[in-house]
Structures are given as structure tokens and as C-alpha cells.
Amino acid sequence: MKYFHLIWAALFRRKARTILTLLSVMAAFLLFGLLDAVRVAFNAGSDAAGVDRMIVSSRFSIIQSLPQSLLPRIEAVPGVNTVTWANWFGGYYKEPKNQGFNIAIAPNFFDVHPEMTVTPEVREAFQRTRTGAVIGEALANRFGWKTGDKVVVTGAIFPDKATGETTWTFDMVGTFTVKEEKLRGMEQQLFFRWDYFDEANAYGSGEVGWIIVKVDDPDQSDSVARAIDAISANSDHETKTQTEQAFNLSFAKQLGDIGLIVSAIMAAVFFTLLLLTGNTMAQAVRERIPELATLKTMGFSDRSVLGLVFAEAVLLIVLGGVLGLGLVALILPGVSAASGGMLQLPPVGAGTWGVGIAMMVVIGVLVGVLPALRAMRLKIVDALAGR
């Protein structure tokens, strides 16, 4: 810290250039923070998935249905504790932009999903109301729904047998909540009765989208999965039993490999940042050759000059990077609110800060290595002579 004033003075020798470079670094780390938050948000539900739950879906496609007749056979598999099921419905409320996570569920669905809190009164009302729907509290607040309201959902696939239309009406019987902050996105779901869907669906009955299996011992999950898949082997409805985490990620990957997308974008951004800041540092050192020679004349060693230039480069990146990540921490709550809760972005965590600071230091070193070596090898006579 003894020479900090020298480093600071050198960094802001050309204020306009330094400020523009800092803004570029800020923008790069702002993008890094936002994209990393999106990646964490997509993986949050899978990371917190029940360790004792597995999902049985079609081996060929996660959107292909399975026959309901599989349920009792799966229940009979040794190691299986509870079996429930669900069916994707989708659809939207009023306008296509209000796409929803609307799912038809079995009567015991909430029994194997303890992360969702549903009061006994709401469960009872759900069981006695054929067209009943239990809605996530965040989703209900978003549209101003309250218990007793009729919620009209326009589906994209399944027509109602009675009307021939894809518009379905549900009676809201209550809400459910999720305690864990990182799972709060689950409250954007609407659950309705599978038996009502099965009876009214014009495309046929007796089929389920996927089957949720709760096992007695998570350590035996592999053997239980093999036994379940053996039931339908060589049939036209072969199954693939996997962990809930893997199943959730397979849904997310229909949008693309989020991790790969984030990595590709950030690689391009930081490569551009290296070129930009590298050129800035090289130009700054060229302009200060007489000053560096003066420092050596005053007794600064080659290594001291090397360290000063390295420190300047690292300080430039760290300063811009910290400001960028700090800005991310400020705007993430606003981004989540603006999405209406559809995208529950987590705050900037210690992991993101750790990776970010490590990247700042590495980029600073890479940016400063050539200018620093040039400054170290600088000969006083040549520098003062302008050669």
C-alpha cells in the first residue's frame, strides 16, 4: 500500500480514457452477474429437488404420455414408498404473454412434495371441488386472484370435451406457499385435479404425463429405477426413471443448455474486454516511458516498476468489476419484480463474488503482463533519450 498513491495517479493520468475503460469493465461484469443469476435460477429447483423422489417419464420424449395402468405395477416394486402422478397442461391467462405453469395432479401429489405448504382446509376443498385449483401465492397475487374466483385458462393443446374449445375454467379453492427463498419460483404454478382433466379431455383418457415415485431408501434409487424401467421394456411405452434433479434439468434444457449459453456469451465478452483493456494499458505505458525511467533513476528496481504496472492493471479491472457486480446486486430485485415473479433471480451470492473477483485478478494480470514486462526491461538512457 506504500505506493498506492503512485498507482492511483498513474491510473487516472488520462481521466476520460480511464473512465471509459472502467465503464466497459463494469458492463462486462454486469452482464456476467446477470447471466450467472439466470443460470442459478434455472438450476435452483433441481438442486433442491427431493433426494427421495424419482420421475418416471417416457424414454422417447418427456412430453409423451404413459398409460395409467403402469401405476399399480410401479407401486408393487420393492423399495417404492408412494406413487403419484401429474400431467402438463400449460396455457395462458387472458393474453398469450401470461403463459402459465398449469399442471393436472393426482390427489396425493402434495403428500410427496412437502416443500409446498397447503393447509388442511385447502386440501379438503380441493378434494371436494371437481373443478378446483390450488394456486401458488405469488401467482395469485400477480393476477389479484382470491379464493372463490373462477380462473379461465386458455390451453394450447387440450380441448374440453364438452365445448370443443381449449378454454378451461377452474374454481380457486386456495393457495400454497413455499418457504425456501430459492424455491419461491414454484409459487408461479396452478394445480388442478387430474381426474377432472382426464374426464373432460377430448384427446382421450387413462394417460398421465409423468409419474413421481418416492422411495424408501435414496441409496437404493438405482436398483428401484432399473426395476421400474424393466416393467415396460420392449413395449410401445418404455420408460426412463431418473432423479427429480435430472428430470427438471431436462425441462430447462428444452430452452437450451443454459450453462453452455452463459459460458459462450461470457467468453466472447471477456475476450473483447481483454483486447480493449490490453490496448489501454499498452498505450498508457508507452505514454509514461519517461516517467518510468525517472522512477528507475530515483532508485526503483526493475521488479518494483514491474509490480507498479501490474498493480495498475489489476486495480483497473477490479475497480470496474466490483462496481459492475455491485450494480447487479442492486438491480436483481427489480428485475425479479418486473418479471412479475415469473423469474425468481437469486441475490448475488458468495460463489458469484468469488468467481468474479478471481476473474478480475486473472484478467488484470493478463492485461498487464506485456506492458509490465516492457516497463521492467526499460533502459533509463534509451527512455530519457526518447528511443
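Which residues lie nearest the centre of the largest cavity? In this predicted model, they are Leu11, Arg17, Thr18, Ala284 and Glu312, which belong to a lining of 14 residues.

**Cavities in the structure**

Rolling a probe the size of a water molecule over the atoms shows where empty space is left. A search of the whole structure finds two cavities of 30 Å³ or more. The table sets out their volumes and the character of their linings.

| Cavity | Volume | Nonpolar lining residues | Polar lining residues | Charged lining residues |
|---|---|---|---|---|
| Largest | about 110 Å³ | five | three | six |
| Second largest | about 80 Å³ | seven | four | one |

**The largest cavity**

The lining of the largest cavity is built from 14 residues. Four elements each give two or more residues to this lining: helix H1 (4-11), helix H2 (15-47), helix H9 (258-287) and helix H11 (302-338). Helix H9 supplies the largest share, namely four residues. By character, the lining of the largest cavity holds six charged residues, five nonpolar residues and three polar residues.

**The second largest cavity**

The second largest cavity contains about 80 Å³ of space. Twelve residues line the second largest cavity, and Tyr93, Asn98, Gly100, Asn102 and Phe143 are the closest to its centre. Which helix gives the most to the lining of the second largest cavity? The answer is helix H5 (residues 137-143), with three residues. The lining of the second largest cavity includes seven nonpolar residues and four polar residues, together with one charged residue.

Conventions: Residues are numbered from 1 along each chain as its sequence is written. This is a predicted model: local features need pLDDT of at least 70, side-chain atom pairs count only at pLDDT 80 or more; totals for chains, interfaces and linings use all residues. Side-chain values use heavy atoms; hydrogens and water are left out. On a 1 Å grid over the protein atoms alone, a cavity is a set of points where a 1.4 Å probe fits but cannot get out, and a pocket is an open set with protein on both sides within 12 Å along at least five of seven lines; lining residues have an atom within 4 Å of a point. Grid points are joined across faces, edges and corners, and a volume is the space filled by probe spheres set on the points. Ala, Val, Leu, Ile, Met, Phe, Trp, Tyr, Cys and Pro count as nonpolar, Asp, Glu, Lys and Arg as charged, and the others, Gly among them, as polar.
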